[in-house]
Amino acid sequence: MVPKIECPDCEQLTFSWWNKQMLWPARAISCPNCGARISLDAKRHRLVSVAIFGAVIILGLFSPQIWDNYGRSVGILVSIAGWTLIGILIGLYVHRYVPLVIRSKSSVSRETLT
Ligand SMILES: [Zn+2]
């Protein structure tokens with residue numbers, strides 16, 4: 001069920017969709033096949049931070065108005081719906097446009113030996 005993602009180093013389908021969603025440019029995970037340290041492209045990922053920042057501002061500006069005009073239950077529903085939508089959009093963006101990058105190759109240690 002979980003779509004597999006190719007490791008940029010060994011080109012094996014070793015990562016799940018969730019592995020990638022849980023990644024952050026500052027955080028790297030090891031490929032179970034080749035042991036290379038894999039992370040996200042920081043430049044492409046910057047847009048995610050901008051999107052979250054923008055969403056916080058927009059929801060922060062409009063939530064009190066919705067809260068006042070439509071009541072508490074609608075305000076909570078709109079917040080949940082808003083954050084769910086933002087989460088889905090960020091997930092799709094990361095999956096589609098942010099490539100996995102190699103932080104450190106497992107072969108580096110082999111090269112330094114020679
Ligand atoms: Zn690999």
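Here is a walk through this structure, from the overall outline to one helix and one core. Keep in mind that the model is predicted.

Start with the layout. The protein chain holds 4 helices and 5 strands, and reading from the N terminus the order is β-β-α-β-β-α-α-β-α. Now zoom out to the dimensions: the C-alpha trace spans about 70 × 30 × 20 Å along its principal axes. The radius of gyration tells a matching story, at 19 Å for the protein chain, where a compact globule of 114 residues would come in near 13 Å. Burial is sparse too, with 10% of the 114 residues counting as buried. As for how the chain meets itself, take the contacts between residues at least 6 apart in sequence: 52% of those join residues at least 24 apart.

Next, look at helix α2, which covers residues 42-70. Does its length fit its residue count, or not? At 1.5 Å a residue, its 29 residues should span 42 Å, and the end C-alpha atoms sit 40 Å apart, so the two agree. That said, α2 does have a kink of about 30 degrees at Phe62, shortly before the proline Pro64. The helix is also hardly covered, since the count of buried residues among its 29 is 1. Just past the helix comes Gly71, with a positive phi near 95 degrees.

Ser63 is a handy place to pause, as this residue belongs to α2 as well. Is Ser63 buried, exposed or partly exposed? It has 15 other C-beta atoms within 10 Å; buried takes 20 or more and exposed takes 12 or fewer, so Ser63 comes out as partly exposed. Leaving aside residues up to four places away in sequence, Ser63 touches Gly75 and Ser79. Looking back along the chain, Phe53 is 10 residues away from Ser63, and their C-alpha atoms are separated by 15 Å.

So where do the nonpolar residues gather? The largest nonpolar core has 7 residues: Cys31, Ala36, Ile38, Leu40, Val94, Val98 and Leu100. There is a general trend behind this sort of grouping: in soluble globular proteins, nonpolar side chains tend to be buried together. Val98 is a good core member to follow outward. Not counting residues up to four places away in sequence, Val98 touches Leu40, Asp41, Arg44, His45 and Tyr93. Of these partners, Leu40 is itself listed in the core, while Arg44 and His45 fall within the residue range 42-70 of α2.

How values were computed: Residues are numbered from 1 along each chain as its sequence is written. This is a predicted model: local features need pLDDT of at least 70, side-chain atom pairs count only at pLDDT 80 or more; totals for chains, interfaces and linings use all residues. A nonpolar core is a set of buried Ala, Val, Leu, Ile, Met, Phe, Trp, Tyr and Cys residues joined through C-beta atoms within 7 Å. Two residues are in contact if their C-beta atoms, placed from the backbone, lie within 7 Å. Helices (H or I, at least four residues) and strands (E, at least two) are DSSP runs, numbered from the N terminus. The radius of gyration is taken over C-alpha atoms; the globule rule is 2.2 Å times the number of residues to the power 0.38. The expected span of a helix is 1.5 Å times one less than its number of residues. The bend at a residue is the angle between axes fitted to the seven residues ending there and the seven starting there.
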